[in-house]
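Here's a quick walk through one model, with a look at charged pairs, strands and a couple of buried residues. Have the viewer open as you read.

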Amino acid sequence: MEFPTITERKRFPSPAVTPQALAWDGRQLWMSSRDLGFLYKLDGDGTKILEEVDPPGVVWAAVQTNGAMHVTIGKGLNDDRYVYRYDGKNGFTKLFACPDLTGSYLSYDGENLYLSQWYEQRILKFDKTGKVVRKIDIGAEICGHTFVNGAIYVLRGTENVPRPQYAGGPPTPERFRSGAKPGEEQWWIARLNPADERPEVVDLAKVPFAARSLTFDGENFWSNHRAANETIYFSLPN
């Protein structure tokens, strides 16, 4: 039985090249451009830039957090990663350095911030002071995650490293290719319950493009196909 693929609702050119961060604030989208270096406030359908913000580095991820935005910013020649808070009145405020100065995508459960580390294949939960209070192993590289009804939905797979194993069921040819070549990206959207002591990461559908970032608008998931300068919103298969 073939593993299902996400149901694309719409795919369109992003309003800026190399779309990277993507976040829904309850009314509209926010997006960053990796190459242009700006953070953009977009309209509700993600096709028009309403506001352009100049951050103190490259914005790799963003998430809405109770009236503000938290972002992961890379700085310097080594692209050292830090978490900042942003709002329209106060601008950008540096909060804390990512562990080992590495980290990318962000999600928020209403109280706590979660940061993923791509190559460590894990999501870290932080308290309000920036201290790591929990580590959740995802079992693959991570290119986005978001909270929906208390569950974490995560884009996991491989960009550069063939996967030695794959949790969530038998390794079928659609889900696991031990002969994958470096640079041959493969991604799935999975779900886990963070309330569990040892959450099981369950794959739901294959994502047929090199996704970057994940957010949810109350009805659909959104992600970027950065290499194609496209934004896609989609639903899970029935």
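Which residue's side chain meets that of Arg-212 in a salt bridge? The partner is Glu-185, with N to O at 3.1 Å. Keep in mind that this is a predicted model. Arg-212 sits in strand 18 (residues 211-216), while Glu-185 belongs to the loop between strand 15 (151-158) and strand 16, so the pair ties together parts that are 27 residues apart in sequence. The two ends see rather unlike surroundings: Arg-212 is buried at 4% relative accessible area, whereas Glu-185, at 27%, is partly exposed.

**Salt bridges**

That pair is one of eight salt bridges in the structure. As general background, side chains of opposite charge can pair when their charged atoms come close. Here are three of the pairs, with their N to O distances.

| Pair | N to O distance |
|---|---|
| Arg-11 and Glu-8 | 2.6 Å |
| Glu-230 and Arg-11 | 2.7 Å |
| Arg-212 and Glu-185 | 3.1 Å |

Arg-11 shows up twice, with Glu-8 and with Glu-230. Glu-230 is in strand 20 (residues 230-235) and Arg-11 in strand 1 (residues 7-13), so this contact links parts 219 residues apart in sequence. On accessibility, Arg-11 comes out partly exposed at 32%, and Glu-8 is partly exposed too, at 33%. Through shared partners, the salt bridges join Glu-8, Arg-11 and Glu-230 into one network.

**Sheets and a hairpin**

Now for the strands. One open sheet has four strands in the order 2-3-4-5, paired antiparallel. Its edges are strand 2 (19-24) and strand 5 (49-53), each pairing on one side only, and the twist from one strand to the next averages 25 degrees. Inside this sheet, strand 3 (residues 29-33) pairs with strand 4 (residues 39-42) over three bridges, and Ser-32 stands opposite Leu-39.

Another open sheet of four strands runs 10-11-12-13, again with antiparallel pairing. Strand 10 (106-108) and strand 13 (132-137) are the edge strands here, and the average twist between successive strands is 25 degrees. Strand 12 (residues 122-126) and strand 13 are held in register by five antiparallel bridges, with Ile-123 facing Ile-136 across the pair.

Then there's the hairpin: strand 8 connects to strand 9 through three residues. Strand 8 (residues 80-87) and strand 9 (residues 91-97) pair antiparallel over six bridges, and Tyr-86 has Phe-92 as its bridge partner.

**Two buried residues**

Is His-145 buried or exposed? His-145 is buried, because its relative accessible area is 1%, under the 20% cut-off. This histidine lies in strand 14 (residues 141-148). Its side chain reaches the backbone oxygen of Tyr-105 at 3.0 Å, and a polar contact of 3.1 Å joins it to the side chain of Ser-116. Setting aside neighbours within four places in sequence, the contacts of His-145 include Ile-123, Val-154 and Leu-214. Ile-123 is the residue that stands opposite Ile-136 of strand 13.

Ile-136 also leads to Pro-199: their C-alpha atoms are 7.7 Å apart, with their positions 63 residues apart along the chain. Pro-199 sits in the loop between strand 16 (186-192) and strand 17 (202-207), and is buried at 17% relative accessible area. Beyond its neighbours within four places, Pro-199 touches Arg-134, Ile-136, Leu-192, Asn-193 and Pro-194.

Methods
Residues are numbered from 1 along each chain as its sequence is written. This is a predicted model: local features need pLDDT of at least 70, side-chain atom pairs count only at pLDDT 80 or more; totals for chains, interfaces and linings use all residues. Side-chain values use heavy atoms; hydrogens and water are left out. Two strands pair if DSSP finds at least two bridges between them. Helices (H or I, at least four residues) and strands (E, at least two) are DSSP runs, numbered from the N terminus. Axes are lines fitted to C-alpha atoms, for helices over the stretch in contact, and angles run from 0 to 180 degrees between N-to-C directions. Buried means under 20% relative accessible area, exposed over 50%, partly exposed in between (1.4 Å probe, protein chains only). Contact means heavy atoms within 4.5 Å. A polar contact is a pair of N or O atoms within 3.5 Å; within protein, one must be able to donate a hydrogen and the other to accept it, and residues adjacent in sequence count only if both atoms are side-chain atoms. A salt bridge is a side-chain nitrogen of Lys or Arg within 4 Å of a carboxyl oxygen of Asp or Glu.
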